[in-house]
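Please walk me through this structure, one contact surface at a time. I am new to it and would like a plain account.

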Number of protein chains: 2
Amino acid sequence: MAVIDAARKILDLEGPDALTMRHVADALGIRAPSLYKHFANKMAIEAALVTGAMVEIGEATHAALHGPGPGSPVGPVGTVGTVGRVLAAYRARCLGHAAVYRLATQSSFARDLLPAGLEDWAGNPFYVATGDPSLAQAVWSFAHGMVVLELDGRFPPGSDLDATWRAGAQAFERAGTTR
Amino acid sequence: MAVIDAARKILDLEGPDALTMRHVADALGIRAPSLYKHFANKMAIEAALVTGAMVEIGEATHAALHGPGPGSPVGPVGTVGTVGRVLAAYRARCLGHAAVYRLATQSSFARDLLPAGLEDWAGNPFYVATGDPSLAQAVWSFAHGMVVLELDGRFPPGSDLDATWRAGAQAFERAGTTR
DNA sequence: CCAGTCTGGCTAACGCCGTTAGCCCCTGTC
DNA sequence: GACAGGGGCTAACGGCGTTAGCCAGACTGG
């Protein structure tokens, strides 16, 4: 869909404030009200954007469950378990969709416009990787927090974020086996 | 400051969309432009709001370092270490400042308007509790993720979030001792 | 082949937003 | 008692999402 492509490009290249109906319409060579022939409102466009990103992220984390994929870093043999692989895939894809991810975490975002079950599906690899609901949610929270803080540049400059991801992965990996 | 009090009340009671200059002014019985005699712009008001919340949260987590405080849950003897106490204090205070916390995590929030060093000071208890920079950042990310997801209602209904906080605390607690 | 409907544009406008310019009154001070 | 300044005010600007209402062209049923 041309509208979504244009919106995505604006969001990525010019930031969230530039994502306005008039601006999107401009990029398509039409006027803002015409957009409402294709989408009910701005939130619907945002939801479509987020849906696309979530599908890609979900595909990556699902793939990570079944072995090292293209998104996984290569570390010392045997140090990266399933949790680590899922986290690495999650991180890579989320940072690849930085602006859209940020949009989805905005409190004003209308999560109920997403396809039913999408969020559960996307979160499922965390449950599979840990085998425990509480641990899965904890890992997901860690991952979400890391991405958000990384995206917003809230870690002190010079932080070794690879090490932080590793520290988290190891803590949860151990918790899963020692449980 | 009356402006901040009014803004805080509006934000808590009517939500982030209701936090407009005209609305805040209304609550004070004045007109919107008059607010600019007290604050440079809306972002300055938001920054003041966030500063207040961060100070309170920081005080609570610092206090938690030195023993069980009023914000700490009572569990089986010996199960809650320093990390657990800091996390419990963080959670309680953040949820107590839900709307402001949400505001501070908005990507549009101007973090550079906060007092210099405030963020570092507020995050320090995580470093003290873990004794390791990477682990501290991982714990902070976990905590931040949990609060955000909890605030946005993104966990499946019926989730035992106390258990999730506990799972995270234990994983990091163990990681700290086993390191 | 024509009539009709539907798709997808358009302009004008509304009510909201943050913000600025410029005015004026009231209070406190030398 | 002059005067400065703090803190109100109105009017207005440009931008936002969104709606109402209009109309050209394409597609389709008779």
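The side chains of Glu119(A) and Arg154(B) form a salt bridge, with 3.7 Å from N to O. The model in which this pair is found is a predicted one. Between chain A and chain B the count of salt bridges is 2. Polar contacts also link the two chains, with 6 residue pairs counted.

Which elements of chain A give two or more residues to the side that touches chain B? They are helix H6 (98-105), helix H7 (118-130), helix H8 (133-151) and helix H9 (161-178) of chain A. The largest share of that side comes from H8(A), which gives 12 residues. Sorted by class, the side of chain A that touches chain B holds 18 nonpolar, 12 polar and 6 charged residues.

The extent of this interface can be put in two ways. As a count of residues, 36 of chain A are in contact with 36 of chain B. The other way is by area. The size of an interface is often given as the accessible area that is lost when the parts come together. For chain A and chain B, the buried area is about 3,000 Å², and 57% of it lies on carbon and sulfur atoms. Within chain A, the residues that lose the most area to chain B are Gln137(A), Trp140(A) and Arg154(A), which together make up 19% of what that side buries.

Next comes the arrangement of the two chains. Two copies of a chain are related by a rotation about an axis and a shift along it. Here a turn of 180° with a shift of 0.0 Å along the axis lays chain A on chain B, with an RMSD of 0.0 Å. The two copies are therefore related as by a two-fold rotation axis. Both copies use the same surface, as 100% of the contact residues of chain A recur in chain B.

The remaining topic is the DNA. Around DNA strand D there are 16 residues, and those that come nearest are Arg22(A), Tyr36(A), Lys42(A), Arg31(B) and Ser34(B). The surface near this strand has 6 nonpolar, 5 polar and 5 charged residues.

Which parts of the strand does the protein approach? Of the atoms of DNA strand D within 4 Å of the protein, 46% belong to sugar or phosphate, and the rest belong to bases. On the base side, a polar side-chain atom of Arg22(A) is 2.7 Å from a base nitrogen of DNA strand D. Lys37(B) has a side-chain N or O atom 3.0 Å from a base oxygen of the strand. For the phosphates, a polar backbone atom of Arg31(B) lies 2.6 Å from a phosphate oxygen of DNA strand D.

Technical notes: Residues are numbered from 1 along each chain as its sequence is written. Chains are lettered from A and ligands numbered from 1 in the order in which they are written. This is a predicted model: local features need pLDDT of at least 70, side-chain atom pairs count only at pLDDT 80 or more; totals for chains, interfaces and linings use all residues. Side-chain values use heavy atoms; hydrogens and water are left out. A residue is near a molecule or strand if one of its heavy atoms lies within 4 Å of it. A polar contact is a pair of N or O atoms within 3.5 Å; within protein, one must be able to donate a hydrogen and the other to accept it, and residues adjacent in sequence count only if both atoms are side-chain atoms. Ala, Val, Leu, Ile, Met, Phe, Trp, Tyr, Cys and Pro count as nonpolar, Asp, Glu, Lys and Arg as charged, and the others, Gly among them, as polar. Contact means heavy atoms within 4.5 Å. Buried area is the accessible area (1.4 Å probe) that two parts lose on being put together, summed over both. A salt bridge is a side-chain nitrogen of Lys or Arg within 4 Å of a carboxyl oxygen of Asp or Glu. Helices (H or I, at least four residues) and strands (E, at least two) are DSSP runs, numbered from the N terminus. Copies are superposed by least squares on the C-alpha atoms of residues with pLDDT of at least 70 in both.
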